[in-house]
Structures are given as C-alpha cells and as structure tokens.
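Ready for a few short exercises at the bench or the screen? Have a look at the model first, then try each task before reading its solution.

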Amino acid sequence: LPEYAFIGRSNVGKSSLINMLVDNKNLAKTSGRPGKTQLINHFKINKNWFLVDLPGYGYARVSKKEKKTFQKYITQYFLKRKQLVCGFVLVDIRHTPQPVDLEFMEWLGTNGIPFAIIFTKADKLKSEEIEQHVSKYLQILLEGAWEEAPPHFVTSSTKHMGRDALLNYIGQINAEVT
Ligand code: GDP
C-alpha cells in the first residue's frame, strides 16, 4: 500500500496533526516534550494507505549519537522505501524558515522525493495573517533552490482545520498511483 510520511522538528505539532487526521485523540501520543516520537510508526487509513510517523528532527534533548541514528533511519527510509509516495514536511506557521527544514527539503528535492509542506498551528495567528505568513515562507523558499513552490496546506489540530484538504490531496494521489 502507498505510504505518506510525516516529518518535522519536534514540537511542531506532528502527533496532534496525525491524531486529527485519523480521528483519534491519543493514537500518536501528543506531549509537550520534544523528541517523544522516536520510532517509525505506521497508521493504516481508509484501508488503502499508510500514514507514516517519522521521528522528529532537531531534537534538543538527545545525544549526538542518537541524533545520528535517527538521521540514518530517516534518510534510509526516504531513499529506499518503494511504497513511499510523498513526504509531508511540517513547519510551524508562526516561524520563519528554519535552516534544518530548508536543508531537509533541499535534500528531498535533490533526491527526487516528492513532498508537500504542512503549516501547523494556524489557530495561533489571526486569519488575516495566515496567508501573509505562508507567502512569506514560500517566497524565502523560492529565493533558494526552488523554481516552483511545493504543494502546501494550512492546518490547525485544535480547530480541526485543513483536514479535508489534506485527505483529499492524498486520496487524489492514491487514485493515480494505485
Ligand atoms: P510533536 O512533537 O511534533 O508531535 O508535537 P505535538 O503534537 O506533541 O504538539 C506539541 C505542542 O503543540 C503540544 O503542546 C500541543 O498541544 C501543541 N499543538 C499541536 N498542534 C497544535 C495546534 O494546531 N494548535 C495549537 N494551538 N497548539 C497545537
């Protein structure tokens, strides 16, 4: 079955987003503690695709050695996994592009791995600020190596926002690949 991988810096809101997508408050175990998700977890959705929860990157609290191990895990997954259709890189909508995120997206691009950006925690901004933050982020991205902005989604797990758009997008690609 096709797989869609979710990744981002710890505390970006990945577990909350996954729980919103799968409609389960506690499945992906949210917590305020960075670096909580440490293994690759598969969630089967609609019986026809897997949501893959990857460890967060940019941990504050794990050793260098652990960091290296996770990094190797993640890169091997993206490079080798045949079922992988698309990666979703989560970024906090309030933040300017972070070097580790930019680096990772560039790495995905260089390796020809399709990805989309998910802006999380949109409820933390006023609605009129959302579009502004998104275009600023994409503008910075386009000043770098990118010719074209990747697909992107605005979400809020607390406000249940962006769920349909994301699931529709995945459903559409699914229809194309299966
Ligand atoms: P992870 O480390 O990326 O899995 O992040 P979590 O899902 O555990 O969330 C980290 C923190 O951000 C928690 O305190 C969540 O309650 C909070 N959070 C996550 N998503 C949202 C959101 O959409 N809106 C708001 N306001 N807070 C969020």
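The exercises below work through a predicted model, going from the sheet to the loop and the helix beside it.

**Exercise 1. Find the order of the strands in the open sheet, and say which strands stand at its edges.**

Solution. Start with the order: six strands line up as E2-E3-E1-E4-E5-E6, with mixed pairing. Next, look at the two ends. E2 and E6 (152-154) each have a single partner strand, so one side of each lacks a neighbour in the sheet. Finally, consider the twist: on average, neighbouring strands are turned by 25° against each other, direction ignored.

**Exercise 2. Work out how E2 and E3 run relative to each other, parallel or antiparallel, and how many bridges join them.**

Solution. As a reminder, strands of a sheet pair through backbone hydrogen bonds, either parallel or antiparallel. Here E2 and E3 are antiparallel, and five bridges join them. For a pair to look at, take His-42, which stands opposite Val-52 in E3.

**Exercise 3. In the loop between E2 (41-45) and E3 (49-53), examine the backbone and the exposure of Asn-46.**

Solution. Begin with the background: most residues other than glycine have a negative phi. Asn-46 is not a glycine, yet its phi is positive, about 50°. Lys-47, also found in the loop between E2 and E3, has a positive phi of about 60°. Then count neighbours. Asn-46 has 10 C-beta neighbours inside 10 Å and therefore counts as exposed; Lys-47 has 6 and counts as exposed too.

**Exercise 4. Name the buried residues of H1 (residues 14-22) and find what covers them.**

Solution. First, list the buried residues: Lys-14, Ser-15, Leu-17, Ile-18, Met-20 and Leu-21. Second, look at their cover, which includes E1 (3-8), E2, E3, E4 (84-92), E5 (115-120) and helix H5 (163-177). Third, step past the end of the helix: just after H1, Asp-23 takes a positive phi of about 60°.

**Exercise 5. Decide whether Phe-153 is buried or exposed, and trace its contacts.**

Solution. Locate Phe-153 in strand E6. Now count: with 20 C-beta neighbours inside 10 Å, Phe-153 reaches the cut-off of 20 or more, so Phe-153 counts as buried. Leaving aside neighbours within four places in sequence, Phe-153 is in contact with Ala-116, Ile-118, Phe-119, Gly-162, Ala-165 and Leu-166. For Phe-119, 34 residues apart from Phe-153 along the chain, the C-alpha separation is 6.0 Å.

Key. Residues are numbered from 1 along each chain as its sequence is written. This is a predicted model: local features need pLDDT of at least 70, side-chain atom pairs count only at pLDDT 80 or more; totals for chains, interfaces and linings use all residues. Helices (H or I, at least four residues) and strands (E, at least two) are DSSP runs, numbered from the N terminus. A residue is buried if 20 or more other C-beta atoms lie within 10 Å of its own, exposed if 12 or fewer, and partly exposed in between; C-beta atoms are placed from the backbone. Two residues are in contact if their C-beta atoms, placed from the backbone, lie within 7 Å. Two strands pair if DSSP finds at least two bridges between them. Axes are lines fitted to C-alpha atoms, for helices over the stretch in contact, and angles run from 0 to 180 degrees between N-to-C directions.
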